[in-house]
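Student: Could you take me through one part of this structure closely, a packed helix and its partner, and then move on to the aromatic residues around the chain? I would enjoy a connected account.

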Amino acid sequence: MISRLTSLFFFTLLLPLSTSAEAKPIDFAHDVVPILQKHCVECHGGREAKGSFSLNTRALWVESGFVDTDDVAASHIIDLVTSDDPESQMPPKGKARVSDQEVAILKQWISEDLPWEAGFSFGVQSYEPPLKPRRPTIPAADGNRSHPIDRLIDQHLAEYGLPRPGLIDDATFLRRVHLDLVGLLPTPEELQKFLADQSPDKRTHKIRELLADDTAYADHWLSFFNDLLRNDYSGTGFITGGRKQVSSWLYESLLYNKPFDQMARELIAPSSDASRGFIDGIKWRGNVSAGQTVEIQFAQSLGQAFLGINLKCASCHDSFIDRWTLEESYGLAAIYSQRELEIHRCDKPIGKTAKAGWFFPELGQIDPLASREVRLQQLAGLMAHPENGRFTRTIANRFWHRLMGRGIVHPLDAMQSKPWNEDLLDFLAISLRDQNYDLKQLLELIATSESYQSQVEIIEGPQSGDYVFRGPRSRRLTAEQFLDSVWQITGSAPDKFDAPVFRTKVSAEQKTDLKLKAEWIWGDSAKGVPPANETIVVRTIIDLRAAVKRGGAVLTCDNSHVLFINRREVDKGDDWTKVRTLPLHTLLKPGKNDITAIVTNGGATPNPAGFFFDARLQLENGETVSLSSDATWEWNPNAPTTREGRLGGIKGTWKPVTIVEPNKSWTGAVNAQATALLAVAADGKSLMVRASLLKNTALMKSLGRPMREQIVSMRPTQLTTLEAIDLSNEASLARAFETGARHLIAQSDGDAKRLTRELFLFALSREPTSNETQIISDMLGEKPEPSKVEDLLWSICMLPEFFLIR
């Protein structure tokens, strides 16, 4: 329970944020536009203006006299849509009426002063984004600003007669860049060291230092790409086998800074199951509408993730909001489809079959007669083609939004719209291509500019009209950033994570120190030469005395395998030359665990066959466990049936396996890969568990983390009532602050002023003011009690100053 004094302190400091929790603000693009499209645009949008009323822009609404933002009930538009008079009602008689729920949305929209997306219009769009990359001319430097982004921004500001926004101080910069690049707060020690550094290039050095922290970078940007690729560790489809993660592939891609064009190619035309989950989407159970099939999901996902094109509208009918057609959407879907794909308009077949095709034939085209694998490879090449400027502009725009608070094209999935600065977007995009699609280089390019390091724009009231850059915009912490920051301060991060990933790179020393223990195994046929196409089952049972804290396995099989742990499918492979890795901390449990592999020999004639499995585990009790394929394993000739990723019953007698003498090819493949990969799996480096690695929770959902059943490129920016409630009393937060109170008291030796100073430096990257110090000292007393320090933690972590990146 928060004390009265702390409550007063909490209320006083939190007041600027409290009013936004009353009701969910109107989302113009998602709440209002569909209503107007459905009921009004046909007669009053585009080139139509029946009754001399056009609703194309906000200005036209205001000038029409149809709305009264001071008195919603007096708005003529509300009278029209609620009228029962067939002579005056809108829409006119014979057309669908506006529902009560839709009327309520229109009333709220009017009451909130008609919020409108800058640059949006229902009018006929004449702008067509260029397809190919463009290298803009960088203006001459103005004064001492040599950075190309700053020179482009200076030109923009000069066009509007606006001054440059001032630069932020070092402490504000450090907090901003830490949260933006790696999602963590700078520690008090890092802050003090940075402030004491007198080097003129210390900001650039810090940016590069943060981007070089591969694990912190991967942990943070994992959330961004999970949202973009609708990837998660639990949720719809996983239990039924209708959805597959790309988590291991994605994390490794970020950890090793894989070029973005290569990431796109591997997602669109997967060479293994590791990245296949993206294009396979979610196989919903039961009957689904035409717009929910995996083929249409494929088209929608590729269009949105890589091109910033929202094809949901054009998957049902020709788009209302841009130029994409139903046939184009189905053409993209047909590239993925393994069956004839009949086009449906508004869920009704039109008697026409889709032909595989690509939006931009100037770059090349898809062969509709080729196999699906070839079609996907062709599409991957076209999407990541060096001359596909739309591909690079889209990701550059997303990263600008992430660091600056607003896209150059906004909303982000409206890339058919005109940017507020075409030269700036084209420069970022061509720079990404010049740097071989290195995303870290793109982040460094933006973060090293004075434009990024400027004071945030002060926004007052609803925004309308064309956007003009006046500085970065404040951004709220994501759910993951908020929890990571709380865990940093309180030392209360969880001990285990859910993502099936390895978080570290392997060092040369680790490769040298670790020795493989596994042997190649097979059934009795390996005493001679196993027959072609023989399928057998091998297994072992391991009894663990505690839960697995970290660890993983390497495995391969000549020719193919399907691995089950506790009767659930967890891995499969059909290329024995590529050693596979498998995180085990989420798959094994305390007690007995059944590890079974269905293994198959290939070929047309008898040939060598073998299965190889080597694992290292660290248990919660501190014990280290090795688990390797050896003579203790058993085999059975009766391969069972499997259903939805579950292992069926296995009949017959189990016998000891045969140890197989490895040939040179096997030894070469294992020696080249397995030691290094197992060293990563066995790495015991202590790293704070990050929220991005955890399954979604009720708290994270209320803080804005999506369910990821759909692609989400922009999370909510407003505080909701549910969020406000959770932030005031949620149980896991209470436990974190309870732990943190004891931690802070011990760390400060019970000194209230020292405790206050350390807390402010960590949470807010600044010293407390004398007034704040006095208020807190009066609250804590001479000897701080844990309950009072808990109250203080609640208060500080609810401040807008804590909750915002400024």
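Tutor: Here is a walk from one helix to the aromatic residues and two single residues. Please keep in mind that this is a predicted model.

Let us start with helix H13, which spans residues 260-268. H13 is mostly covered, with seven of its nine residues buried. Those buried positions are Phe260, Asp261, Met263, Ala264, Glu266, Leu267 and Ile268, so the list holds Asp261 and Glu266, which count as charged, as well as nonpolar residues such as Phe260 and Leu267.

The partner to look at is helix H12, residues 247-255. The axes of H12 and H13 are 11 Å apart and meet at an angle of about 165°. Because an angle over 145 degrees counts as roughly antiparallel, H12 is roughly antiparallel to H13. Their crossing is right-handed. On the H12 side the contact is made by Trp249, Leu250 and Ser253, and on the H13 side by Met263, Glu266 and Leu267. Sorted by class, this contact has four nonpolar residues, one polar and one charged. Met263, Glu266 and Leu267 also appear among the buried residues of H13.

Phe260 of H13 leads on to the aromatic residues. Phe260 belongs to one aromatic cluster together with Tyr217, Trp221, Phe224, Phe225, Phe278, Phe306, Phe391, Phe399 and Tyr437. In the model as a whole, the count comes to 35 aromatic pairs. One of them is formed by Trp324 and Phe359, a stacked pair with 4.8 Å centre to centre and 25° between the planes. This pair links distant parts of the chain, 35 residues apart. Trp324 sits in the loop between helix H15 (294-307) and helix H16 (326-336), while Phe359 sits in the loop between strand E2 (348-353) and helix H17 (372-383). Both Trp324 and Phe359 are buried.

Trp324 and Phe306 both return in the surroundings of Arg390, a residue of helix H18 (389-404). Arg390 has a relative accessible area of 4%, so it is buried. Beyond its neighbours within four places in sequence, Arg390 is in contact with Glu128, Pro129, Pro130, Leu131, Phe306, Leu307, Ile309, Trp324, Phe360 and Gln416.

For a last stop, turn to Gly603, in the loop between strand E10 (591-600) and strand E11 (610-619). Leaving aside neighbours within four places in sequence, Gly603 is in contact with Ala532, Asn533 and Asn559. Gly603 and Asn436 are 167 residues apart in sequence, and their C-alpha atoms are 40 Å apart in space.

Key: Residues are numbered from 1 along each chain as its sequence is written. This is a predicted model: local features need pLDDT of at least 70, side-chain atom pairs count only at pLDDT 80 or more; totals for chains, interfaces and linings use all residues. Side-chain values use heavy atoms; hydrogens and water are left out. Buried means under 20% relative accessible area, exposed over 50%, partly exposed in between (1.4 Å probe, protein chains only). Helices (H or I, at least four residues) and strands (E, at least two) are DSSP runs, numbered from the N terminus. Axes are lines fitted to C-alpha atoms, for helices over the stretch in contact, and angles run from 0 to 180 degrees between N-to-C directions. Angles under 35 degrees count as roughly parallel, over 145 as roughly antiparallel, 65 to 115 as roughly perpendicular and the rest as oblique. A crossing is left-handed if the near helix is turned anticlockwise from the far one by less than a right angle, and right-handed if clockwise. Contact means heavy atoms within 4.5 Å. Rings of Phe, Tyr and Trp (its six-membered ring) pair if their centres lie within 6.5 Å; planes under 30 degrees apart count as stacked, over 60 as edge-to-face and the rest as tilted.
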